[in-house]
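Please open the model in a viewer and keep the selection panel at hand. The tour proceeds by stops, each with a selection to make and a description of what is found there.

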Amino acid sequence: MKLPLAFYQREDVVTVARELLGKYLFTCIDGVISGGYIVETEAYNGINDKAAHSYGGRLTPRTKTMFEAGGVAYVYLCYGIHEMFNVVASTEGDPRAVLIRAVHPTEGLEVMLYRRNMLALKPNITAGPGSVAQAFGINRKLNGISLQSDTLWLEDRGLSFAADQIAAVPRVGVAYAKEDALLPYRFFVKGDAYVSKPNKYE
DNA sequence: GGGAAGATAATCT
DNA sequence: GATTATCTTCCCT
């Protein structure tokens with residue numbers, strides 16, 4: 001069962017980010033399905049968040065996807081190498097999004113290994129946002145696509161985590177954002193092997 | 001096991 | 001021309 005639009009179109013993107021833990025992410029690329037449940041996210045909270053591309057309401061060809069109504073994908077290239085997959089939240093004109101940082105894979109392991117150019121399954125296959133996008137075959141052609149589509153979507157399969165299994169810590173790689181870099185907008189499932197590296201917690 | 005550095009290109013100044 | 005929501009390899013302890 002796909003997540004309804006109402007799940008995404010809430011103003012409180014921090015809550016959306018937290019609730020995305022345990023939801024299943026699927027892609028169907030060239031008829032091949034990959035899937036897994038989300039174990040790590042980060043919230044990017046609109047025009048007042050210095051770490052967000054949309055800080056100050058900056059509207060450019062790249063960021064305009066963030067200004068769309070919640071429930072679409074925001075995919076872009078970072079550091080010249082890595083594609084990053086975000087879920088757009090809130091409503092049209094309010095640029096909030098959630099970065100998917102890590103997924104615990106459950107389906108399509110073989111094609112993930114192929115896409116990642118790996119020979120054997122290791123936890124880092126989907127640990128970190130660049131790795132997740134590559135393993136799932138997500139690229140900029142999917143920027144702006146609806147999450148109700150049959151190419152890229154999320155499902156609720158009844159999996160959830162108790163409060164004491166979830167950690168809320170500062171985000172990664174956003175030191176330039178000054179005081180906003182300290183906000184606890186990064187969420188992950190404690191102890192999951194697929195959570196990305198800075199995991200010195202608990 | 002851990003820190004440092006290199007790769008590599010769209011985007012904005 | 002500088003910057004960037006990163007990953008991997010390499011070399012050291």
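The stops below concern a predicted model.

**Stop 1: DNA strand B**

Begin by displaying DNA strand B together with the residues that surround it: Arg58, Thr60, Pro61, Arg62, Tyr79, Gly80, Ile81 and Arg140. Sorted by class, this surface comprises three nonpolar, two polar and three charged residues. Which parts of the strand approach the protein? Of the atoms of DNA strand B within 4 Å of the protein, 64% are sugar or phosphate atoms, and the rest belong to bases.

Two of the surrounding residues merit a closer view of their backbone atoms. At Tyr79, a backbone N or O atom lies 2.5 Å from a base oxygen of DNA strand B. At Gly80, a backbone N or O atom is found 3.4 Å from a base nitrogen of that strand.

**Stop 2: DNA strand C**

Next, select DNA strand C, which is surrounded by 22 residues. The closest of them are His82, Asn86, Arg116, Gly128 and Tyr176. Sugar and phosphate make up 60% of the atoms of DNA strand C that come within 4 Å of the protein. By class, the surface near this strand divides into 13 nonpolar, seven polar and two charged residues.

To see where the surface comes from, colour four elements: strand 3 (73-78), strand 4 (82-89), strand 5 (96-107) and helix 4 (129-136). Each of these supplies at least two residues of the surface near DNA strand C.

Three individual approaches may then be inspected, each to another part of the nucleotide chain.

- Asn86: an N or O atom in the side chain is 2.3 Å from a base nitrogen of DNA strand C.
- Tyr44: a polar side-chain atom lies 3.5 Å from a sugar or linking oxygen of DNA strand C.
- Gly130: a backbone N or O atom lies 3.2 Å from a phosphate oxygen of DNA strand C.

**Stop 3: salt bridges across the chain**

Now hide the DNA and show charged side chains. The count comes to twelve salt bridges; a few of them are visited here.

Select Asp150 and Lys2, which form a salt bridge with their closest N and O atoms 2.8 Å apart. This pair links distant parts of the chain, 148 residues apart: Asp150 lies in the loop between helix 4 and strand 6 (152-155), and Lys2 in the segment before helix 1 (5-8). Are the two partners buried or exposed? Asp150 counts as exposed because its relative accessibility is 59%, whereas Lys2, with a relative accessible area of 27%, is partly exposed.

Move on to Glu40 and Arg101, whose closest N and O atoms are 2.9 Å apart in a salt bridge. Here Glu40 belongs to strand 2 (residues 32-45) and Arg101 to strand 5, and the pair links parts of the chain 61 residues apart. Both Glu40 and Arg101 are buried.

The next pair to select is Asp49 and Arg171, a salt bridge with closest N and O atoms 2.7 Å apart. Asp49 sits in the loop between strand 2 and strand 3, while Arg171 sits in the loop between strand 7 (166-169) and strand 8 (186-189), 122 residues apart. Asp49 and Arg171 are likewise buried.

**Stop 4: strand 8 and its neighbours**

Return to Glu40 and Arg101 and add Glu42 and Arg186; these four residues are linked in a network of salt bridges. Arg186 leads the tour to strand 8, which is covered on both faces. On one side Arg186 and Phe188 are buried, and on the other Phe187 and Val189 are buried.

Which strands pair with strand 8? Strand 2 runs antiparallel to strand 8 and is joined to it by three bridges, with Glu42 having Arg186 as its bridge partner. Strand 7 also runs antiparallel to strand 8, through four bridges, and Val169 stands opposite Arg186.

**Stop 5: helix 3**

Finally, select helix 3 (residues 109-116), in which Val111, Met112, Leu113, Arg115 and Arg116 are buried. What do these buried residues pack against? Their neighbours are strand 1 (24-29), strand 2, strand 5 and helix 4. Arg116 was also met at the second stop, among the residues closest to DNA strand C. Just after the helix, Asn117 takes a positive phi of about 60°.

How values were computed: Residues are numbered from 1 along each chain as its sequence is written. Chains are lettered from A and ligands numbered from 1 in the order in which they are written. This is a predicted model: local features need pLDDT of at least 70, side-chain atom pairs count only at pLDDT 80 or more; totals for chains, interfaces and linings use all residues. Side-chain values use heavy atoms; hydrogens and water are left out. A residue is near a molecule or strand if one of its heavy atoms lies within 4 Å of it. A polar contact is a pair of N or O atoms within 3.5 Å; within protein, one must be able to donate a hydrogen and the other to accept it, and residues adjacent in sequence count only if both atoms are side-chain atoms. Ala, Val, Leu, Ile, Met, Phe, Trp, Tyr, Cys and Pro count as nonpolar, Asp, Glu, Lys and Arg as charged, and the others, Gly among them, as polar. Buried means under 20% relative accessible area, exposed over 50%, partly exposed in between (1.4 Å probe, protein chains only). Two strands pair if DSSP finds at least two bridges between them. Contact means heavy atoms within 4.5 Å.
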